[in-house]
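Let's take a walk through this one together. Keep the structure open on your screen and follow along as we go.

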Amino acid sequence: MQIIINGKTYAANPGEKILDVARRNGIEIPTLCHSEALPGLASCRLCMVEVHENGRTQYVASCTYPVADGMEVFTNSEMIAARRKILLALYNLIAPDSARIKGLLARYHVEPFDRLEADPDSKCILCGLCVKACEELGTNAISTLNRGTKKKIGTAFNEPAADCIGCGSCAIICPTQAIEMTEAEGNRTIWEKTFELLRCRDCGEYFTTPESLEHVRKKLGETVGNIEELQLCNYCKTKRAATRLKDGLHLDEYLDSDK
Amino acid sequence: MQNKKTIFVCCGTGCQASGSMKIYQTMQKIISKLDLDVEVVADIKKTGCHGLCQKGPLVHITPQEITYIHVKTTDVQEIIERSIIKDEVIDRLLYFDKQQNAKIQSKNDWSFEKKQFRIALRHCGCIANDSIDDYIAKGGYQALEKVLKTMTPQEVIDEIRKSSLRGRGGGGFLTGLKWSFAAKAQGDIKYVICNGDEGDPGAFMDRSIMEGDPHTVLEGMAICGYAIGANRAFLYIRDEYGLAVENMKKAIADAHARGVMGQNIFGSGFAFDAEVVRGGGAFVCGEETSLIHSIEGSTGEPTSKPPFPANQGLWGKPTIINNVETWANVPVIISKGADWFASIGSEKSKGTKVFALVGKINNTGLVEVPMGIKLREIIFDIGGGIEKKRKFKAVQTGGPSGGCIPESKLDLPIDYDSLIAEGSMMGSGGMIVIDDRTCMVEFARYYLKFLSEESCGKCVPCREGIKSMLKILNDICEGKGQEGDIELLEEIGSMVKANSLCGLGKTAPNPVLSNIKNFRDEFEAHIKDKRCPAGVCKNLTKLYIDQEACIGCGLCAKSCPTAAISGEKKQPHVLDEAKCINCNSCRERCAVDAIRVH
Amino acid sequence: MSEISQIKSETLKIAQKYLPERRFLLAILQDIQRHYNYLPAEAMKTVAQYLNVPLVKVCGMATFYKAFSLTPKGKYIIKVCDGTACHIKGSLNLLSEIETILGIEPGETTADGLFSLETVACIGACGLAPVAVINDEYHGNLTPASLRQILQQYQGGIEDAK
């Protein structure tokens, strides 16, 4: 099937979303809540596009709207650009210090509102990526609490998160660095809970918490092949894998023979 | 038994608030003591809403067709002695119809009723609200029997499509079309849901139907279940609607006992079961996907459509959600036929609509009118005009999703499309009449504040857009409005409408945008002149007593909570601005309109 | 029995009226709210265990829906209707009068635990607007002055004041 984006035709597959096709072809659509690993939140509403389909014009979120053969998409119409500016100016009120937001403001030539004051302490845009990551991991230590303008991300009873394993996924995936995670003297503190950090078996750098390792071990159960490898940092894990690959393929010989 | 009389005591929430349950109980007590069997048999029925809540508690007696209003417990003895044992009419308790300038014996002849046409409310007030026998006696469950015995599922869908029934919950989507999607959807498990989470803060028709005629909702749902191939139904009802929950649960139990629900209904092999889910109190749960998540046991946050619930709804199965009033129409369409139904109403909106006619109107209550009726007829003929003979300013429809229709549009025929063209919408059917003492800026602020609390907070345009708009409106109401505020409200509002995830956000700016469109001068008076013409915004209002007009009756001084008004009897009074908190109590009490706004 | 273990066993009794399925979370919380007039933390933990739902999700539910309160409510719960009809007939004046007399805003409870104040969307008694409901007793056509009198009666301990 084919769809038309900004006047050009592109191949698309059934079940794909507009954003997938656009990104694959290098067409720019800004997003904040989209992650290829955790798609479908549709909360940031920055990826809105105009769709002409069956004689109807619709204004949809490209991250969740499925492609259909022959549909025509506009990513930068006048309406879209104007509304994007207003929306980004709102983002600037709730995360004024975020590098990502600042970048978007510059990229789309957005003038901040004079009339409305940004909250200097606010960082979180409540996109929900952290909660989704925590859910997918099966830890469920954080969730959205309250509703409406009082909504926030937090732990049960706002206490140090009992179920948190200190994996830091929430902080890493956050687009505005709103989740505080500090590391000092072999400890990591997140959601007001402090974890001891483990050193990598190979390089000796701190890399994860025992709780996270235990969580992975439990999840993998019997299927885990090499327990020892879980105790390596990502860098060393990759290094070992590369070494194995090299040994297995006798890459040296291969390279030699190519000469 | 020749002289059997029935007393219908309205026990809808409106009348209960005025004490109708005590009347019902007193009546039972007195009747049970009297030995009436010989000449008169009196049957007392607790019914749902009769409509004219303003005049409650209402008591109606058949076969004489006498309606009494504002009945007190102290009137009960007299009613029984004079109107039940004898056939007299108690003049004192009759309704005085201002339009006809006469006391009217039966509610059927009230001006309030004349232009109404009842389909969804057909049984409310006429049957005992907890009796399946009464429902069946009125022809109840015959539509279900007809469908199961003589029609194929496709024929049912065709009939509903032919009737052009549109969803009464707000959007106005064609009901039959929606059903056809779910009927076509793959899967052996499908669900039917009744949306009874009436969240519009000015509407109560769905509750009245659930309280007064619960079986009609169940029958409508069962008919849909047969049509789309669903055997299980959920009724999501606001937990605050205690009586509706209770009556609906009893109705389900009674329907089971009677065999019109459960296995092999009417010997057709069709099985259908329903259960009540109490809502948690969240306006956003009126949105289909939110409601589904709430039934599943999660927070009521919406998700993107597509997929639509008709294809993937409750627990991922094809699901049809309709609101209470829509369900109440279904059995009638099946019984009387799609052609009959489609003969009522306007070109693109068929049938009737129930409105909660409230606000500054003489006859507050529930009214059901044919689509296409003019606004003027609803407000002046049915509603009896504006309270205290004040000046009509506007009528708000569609609640927090709608907007105001100004005086210049009084002759607008009311249907789905005409309201949208005016920047409002049908919504669930709140109709709030506004006079010149309502500030349109503050009124817009009211809805936005409601929405700021009720937005689920998931998507940024809705959550942050509403918050920013509310901040600006708060400023304007407090006298801190700035040049350019109106334009900024329009800009943010249009983005929120376009970019929000669900229907709540997509319509949230309507009350503000519509009031700006129709009453821009009031916004400007607040911003530029720092004046609230309606005298509502406290920082922008200064009240005074017109010395010429004041007759010195003292009512104002009595009503003042801060003792800011003083004066001699029969002499013009004065108001101390330093003490006045601008609560308008005096202004409401004054009979000669002597309290004025600077 | 300690207070905590008492709450645990009472909550479990309430919860066990339902099958341990996620979809009954809302209903169970509603029943607990009705029983205690709020949701004690220990009760929420018990429900989380019973339904095998993460505790933080139970907190999410409890703070999302308006029916729930995480702190105990007062003896008298004053619900001021702020439905549209009541609003344009002066419900805000009633709220500010209550704030003057009792010093509480919507969502708050007086220090003596006597009154809690809430606003509710339309309760359907629009013919009596503006309306307040105090522990299921309706008070219609209110003005700041008449409300003051009613509150004084409750303060004086008259249970069935009207």
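Start inside chain B, where 10 residues of domain 1 are in contact with 8 residues of domain 3 of chain B. On the domain 1 side of that contact, you'll find 4 nonpolar, 4 polar and 2 charged residues. Keep in mind that this is a predicted model. The centres of domain 1 and domain 3 of chain B, taken over C-alpha atoms, are 29 Å apart. If you want the full layout, the domain assignment of chain B gives domain 1 as 4-114, domain 2 as 141-342, domain 3 as 352-435, domain 4 as 440-528 and domain 5 as 542-597.

Now zoom in on strand 13 of chain B, residues 392-397. Is this strand enclosed or not? Of its 6 residues, 5 are buried, so strand 13 of chain B is largely enclosed by the rest of the structure. A residue gets called buried here when 20 or more other C-beta atoms lie within 10 Å of its own.

Which strands pair with strand 13 of chain B? One of them is strand 15 of chain B (residues 430-435), which runs antiparallel to strand 13 and is joined to it by 5 bridges. To see one of the pairs, look for B:T397, whose bridge partner in strand 15 of chain B is B:M431. Strand 14 of chain B (residues 403-406) is antiparallel to strand 13 too, with 4 bridges joining the two. Here, B:V395 has B:I405 in strand 14 as its bridge partner. Strands 13 and 14 of chain B make a hairpin, with 5 residues between them. In the turn sits B:G398, with a positive phi of about 85°.

Over to chain A, which has an open sheet of 5 strands in the order 2-1-5-3-4, with mixed pairing. Why do strand 2 (8-11) and strand 4 (56-61) of chain A have one side without a neighbour in the sheet? They stand at the edges, each with a single partner strand, so one side of each is left free of a sheet neighbour. Neighbouring strands in this sheet are turned by 30° against each other on average, direction ignored. For a parallel pair, check strand 1 (residues 2-5) and strand 5 (residues 72-74) of chain A, which share 2 bridges. A:I5 has A:V73 in strand 5 of chain A as its bridge partner.

Last stop: the place where chains meet. In chain A, 12 residues are in contact with 9 residues of chain C. Strand 6 of chain A (residues 142-145) supplies the largest share of the chain A side, 4 residues. By class, that side of chain A has 5 nonpolar, 5 polar and 2 charged residues.

Methods
Residues numbered from 1 in each chain as written. Chains lettered and ligands numbered in written order. Predicted model: local features only at pLDDT ≥ 70, side-chain atom pairs only at ≥ 80, totals over all residues. Contact = placed C-beta atoms within 7 Å. Nonpolar A, V, L, I, M, F, W, Y, C, P; charged D, E, K, R; others polar. Buried ≥ 20, exposed ≤ 12 C-beta atoms within 10 Å, placed from the backbone. Pairing = 2+ DSSP bridges. Axes fitted to C-alpha atoms, helices over the stretch in contact; angles between N-to-C directions. Domains from an automatic or database assignment.
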